[in-house]
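Reader: I am new to this structure and should be grateful for a guided introduction. Would you take me through it by question and answer?

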Amino acid sequence: MEEDTPQNVPTILVRFAHLLGTEIKNRRIQIPENFGTGYCAGFVFNENIQMIISNYELHEDVLIKNPDVNVARKTLFFKFQNIFPKSEIVSAEKYSLETPSVLIATSRLHTDDVISIHTNTATINIEIEASYLDGLFDLSDRSPILQSLLQNSQPLLFEQLLYPSLQKIVEEILSESISKTFELFFLKIKAEELICRLLMELEKRNEKQLYALNSRDVQIIYKVKEQILERLETPPIIHELALFANMSPTKLKRLFKQIFGNSIFSYYQEFRMKEAARLLKEKKLAVSDVGYQLGFTNLSHFSRVFKEHIGMKPKQYSNS
């Protein structure tokens with residue numbers, strides 16, 4: 001059996017195991033009961049790409065010195081969130097409000113030398129060298145987003161919702177039973193397939209110019225997002241959101257669209273219809289109740305918008 005060494009598991013996993021006073025077995029640590037519950041697994045595929053799968057709850061946050069901090073390195077980070085089944089350790093209530101998505105960031109947003117290991121984590125994190133990716137693509141006719149990511153010369157962050165085809169790959173990573181002989185090979189292929197498909201999605205975005213981000217702007221944009229999603233019955237008013245964010249309306253709209261790939265209203269409407277679909281299917285509410293609950297005064301308009309986003313009218317969806 002292959003031993004777990006610093007060469008085949010991420011250094012941060014070694015530090016995490018040491019802090020918890022436990023051992024790494026088969027590239028995986030089981031969280032001791034006195035610290036919490038769950039597991040964390042890590043895989044170094046080669047010098048260019050590694051992956052960490054985390055699904056645990058700790059009794060309290062812990063801090064670990066980041067042994068791999070190197071501002072000069074140009075690394076891309078892919079953080080998949082809300083991707084574990086509801087039956088897993090992390091409570092199901094969290095996922096009723098969240099949609100599977102992935103955060104894609106340049107290393108310029110990840111230069112802290114201390115990593116916070118949060119109490120509740122259910123993610124897949126993939127790190128890959130930008131230069132490695134750069135050598136895989138045709139050098140001609142790149143989109144501004146792809147070009148900026150591979151150059152990795154400014155702080156950038158994008159969030160992409162996971163479509164069913166991407167979720168299927170994630171599920172294969174989490175649940176496929178693979179022998180130790182093929183485990184690293186299989187997981188590396190799946191990790192690279194995820195990255196390839198995500199970059200293909202990002203390339204479809206029509207951003208002509210990208211703006212460097214800072215931590216404060218990112219935090220504020222995500223607070224704006226939370227405020228929008230907490231009030232799905234009320235259409236967002238840009239002027240009010242700009243005051244809340246302490247930004248000009250132009251800057252707010254520009255950064256929101258850059259991060260999420262959609263305008264504020266289109267993003268709001270998409271999640272509004274996702275919630276409508278959930279209320280129809282899971283809560284078995286009447287079409288009229290759902291429409292009125294989500295702020296529609298005209299049910300014909302609700303039906304039309306629902307069909308645009310979901311592909312069928314609310315009544316059809318409810319009965320399907």
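The exchange below concerns a predicted model and moves from strands to helices and then to salt bridges.

Reader: To begin with strand 6, how many of its six residues are buried?

Author: One side of strand 6 carries Ser101, Leu103 and Ala105, and the other carries Val102, Ile104 and Thr106; both faces are covered. Strand 6, residues 101-106, is therefore largely enclosed by the rest of the structure. The number of its residues that are buried is six of the six.

Reader: Which strands pair with strand 6, and over how many bridges?

Author: Strand 5, residues 75-81, runs antiparallel to strand 6 and is joined to it by six bridges. Within that pairing, Lys79 stands opposite Leu103. Strand 9, residues 157-161, also pairs with strand 6 in the antiparallel sense, and there Phe158 is the bridge partner of Ile104. The partners are thus strand 5, with six bridges, and strand 9, with five bridges.

Reader: How many residues of strand 8 are buried?

Author: Strand 8 spans residues 120-129 and is mostly covered. A residue counts as buried when its relative accessible area is under 20%. By that cut-off, the count for strand 8 is seven of its ten residues.

Reader: Which strands are joined to strand 8, and by how many bridges?

Author: Strand 3, residues 49-58, runs antiparallel to strand 8, with Glu57 opposite Asn120. Strand 5 is also antiparallel to strand 8, and Phe77 there stands opposite Glu127. The answer is strand 3, by nine bridges, and strand 5, by seven bridges.

Reader: Turning to the helices, what does helix 9 reach from its first C-alpha to its last?

Author: Helix 9 covers residues 249-260 and has twelve residues. At 1.5 Å a residue, the expected value is 16 Å, and the helix comes close to it. After the helix comes Gly261, with a positive phi near 75 degrees. The reach of helix 9 is 16 Å.

Reader: What covers the buried residues of helix 9?

Author: The buried residues in helix 9 are Leu252, Leu255, Phe256, Gln258, Ile259 and Phe260. Their cover includes one strand and several helices. Among these elements are strand 9, helix 7 (215-230), helix 8 (238-245) and helix 10 (264-281).

Reader: Which residues make the nonpolar surface patch of about 330 Å²?

Author: One member lies in the loop between helix 5 (164-175) and helix 6 (183-203), namely Phe182. The full set making the patch is Phe182, Phe185 and Ile189.

Reader: How far apart are the closest N and O atoms of Glu193 and Arg197?

Author: Both residues belong to helix 6, and because they are four residues apart they are separated by about one helical turn. In an α-helix there are 3.6 residues a turn, so residues three or four places apart point the same way. Glu193 is partly exposed at 25% relative accessible area, as is Arg197 at 36%. The two form a salt bridge whose closest N and O atoms are apart by 3.4 Å.

Reader: Which residue meets Glu201 in a salt bridge?

Author: The N to O distance in this salt bridge is 3.2 Å. The partner of Glu201 counts as exposed, at 61% relative accessibility. That partner is Lys204.

Reader: Finally, which residues are joined into one network by salt bridges that share partners?

Author: The structure holds 14 salt bridges, including one between Arg278 and Glu282 with closest N and O atoms 3.8 Å apart. Salt bridges with shared partners make one network of Lys168, Glu172, Lys190, Glu193 and Arg197.

Methods
Residues numbered from 1 in each chain as written. Predicted model: local features only at pLDDT ≥ 70, side-chain atom pairs only at ≥ 80, totals over all residues. Heavy atoms only, no water. Buried < 20%, exposed > 50% of the residue type's maximum accessible area, 1.4 Å probe, protein only. Helix = DSSP H or I, 4+ residues; strand = E, 2+ residues; numbered from the N terminus. Pairing = 2+ DSSP bridges. Patch = residues over 30% accessible without salt bridge, like charges linked within 9 Å, V, L, I, M, F, W, Y side chains within 5 Å. Areas by Shrake-Rupley, 256 points an atom, 1.4 Å probe, with all protein chains shown as cover. Salt bridge = Lys/Arg side-chain N within 4 Å of Asp/Glu carboxyl O. Expected span 1.5 Å × (residues − 1). Contact = heavy atoms within 4.5 Å.
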